[in-house]
Structure formats: structure tokens, C-alpha cells
Amino acid sequence: MTKTKRTKTLIIGSGPAGYTAGVYASRAMLKPILVQGIEPGGQLTTTTEVENFPGFPDGVMGPELMGRMQQQAEKFGAKVEYKKVNKITRNEEGIFDLETDQGTVQSKTVIIATGAAPRYL
């Protein structure tokens, strides 16, 4: 039997945009679930020193920055889950159904913050 979860806000993506959405959605009491997918932390986890991020005048390593952003989103109540998204649809009631490798998540609102993937030569 497929397990179905429900939430007010679903965030797909765990880079800077996803974690920022998690912080603000949590502070707005929207009880977000943030789906990390196959690349937790996004591209910044593969980056060394990040020198242009606000609040770090001496720079910060990419994986450290992403870890700190995840901690902050979780501190305010975002639930971070590791799942692979297979499909998203919207049913006749206007509810989104996100099919993952671990069951279905239903939500009234979906924020897609999947970022980009590098194309190596």
C-alpha cells in the first residue's frame, strides 16, 4: 500500500533557493516538507570557497554553507526528506500529488527550486 503524506507547502529542491523557501514557509506556519532529491544541497556542495554570499565577508566553503542553511530551515520547522521525485500532478480539487520513490505527498502549494545542473565539456 502506498503511503500518502499531506502538507500545506511542498518544496522541491535543496539548494540556496529551496532552503530559503523552507525558512520563510516555516516562519509563516506553513509546515513545509522540503524534498532534497538526488543532489542534497545542490551545486554548492561541490563548490569550494563561496566569496559572494551575504553574511560571510571572508567566504565560506560550499558544503558548510549548505549545511548551515539546512540547519536554519529545520530550526524553524521545515521537514527535510530525502526522496526521488518521479511525477507531479494536480488533481480535480486543485491539490498537487507528488509521486516519489517512497510514496505520495499531497500539498496545496508547491515551490519548485530545483536549480540547474552543470554541463561539462
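What volume does the largest pocket have? About 420 Å³, in what is a predicted model. The close-ups below start with this pocket and then move to a loop.

**View 1. The middle of the largest pocket.** Zoom in on the centre and you'll meet Gly-13, Gln-36, Glu-39, Thr-114 and Gly-115, which lie nearest to it among the 21 lining residues. The pocket they surround has that volume of about 420 Å³.

**View 2. What lines the largest pocket.** Sorted by class, the lining residues come out as 10 polar, nine nonpolar and two charged. Helix 1, covering residues 16-27, chips in three of the lining residues, and that's the largest share.

**View 3. Met-29 in the loop after helix 1.** Here we're in the stretch between helix 1 and strand 2 (33-35), where Met-29 is found. Its backbone is worth a look: phi is near 60 degrees, a positive value in a residue that isn't glycine. Met-29 has a relative accessible area of 62%, and since the cut-off for exposed is over 50%, Met-29 therefore counts as exposed.

**View 4. Lys-31 in the loop between helix 1 and strand 2.** Lys-31 also sits in the loop that joins helix 1 to strand 2. Another non-glycine with a positive phi, Lys-31 has a value of about 45 degrees. Is Lys-31 buried or exposed? With a relative accessible area of 59%, Lys-31 is exposed.

Terms used. Residues are numbered from 1 along each chain as its sequence is written. This is a predicted model: local features need pLDDT of at least 70, side-chain atom pairs count only at pLDDT 80 or more; totals for chains, interfaces and linings use all residues. Side-chain values use heavy atoms; hydrogens and water are left out. On a 1 Å grid over the protein atoms alone, a cavity is a set of points where a 1.4 Å probe fits but cannot get out, and a pocket is an open set with protein on both sides within 12 Å along at least five of seven lines; lining residues have an atom within 4 Å of a point. Grid points are joined across faces, edges and corners, and a volume is the space filled by probe spheres set on the points. Helices (H or I, at least four residues) and strands (E, at least two) are DSSP runs, numbered from the N terminus. Ala, Val, Leu, Ile, Met, Phe, Trp, Tyr, Cys and Pro count as nonpolar, Asp, Glu, Lys and Arg as charged, and the others, Gly among them, as polar. Buried means under 20% relative accessible area, exposed over 50%, partly exposed in between (1.4 Å probe, protein chains only).
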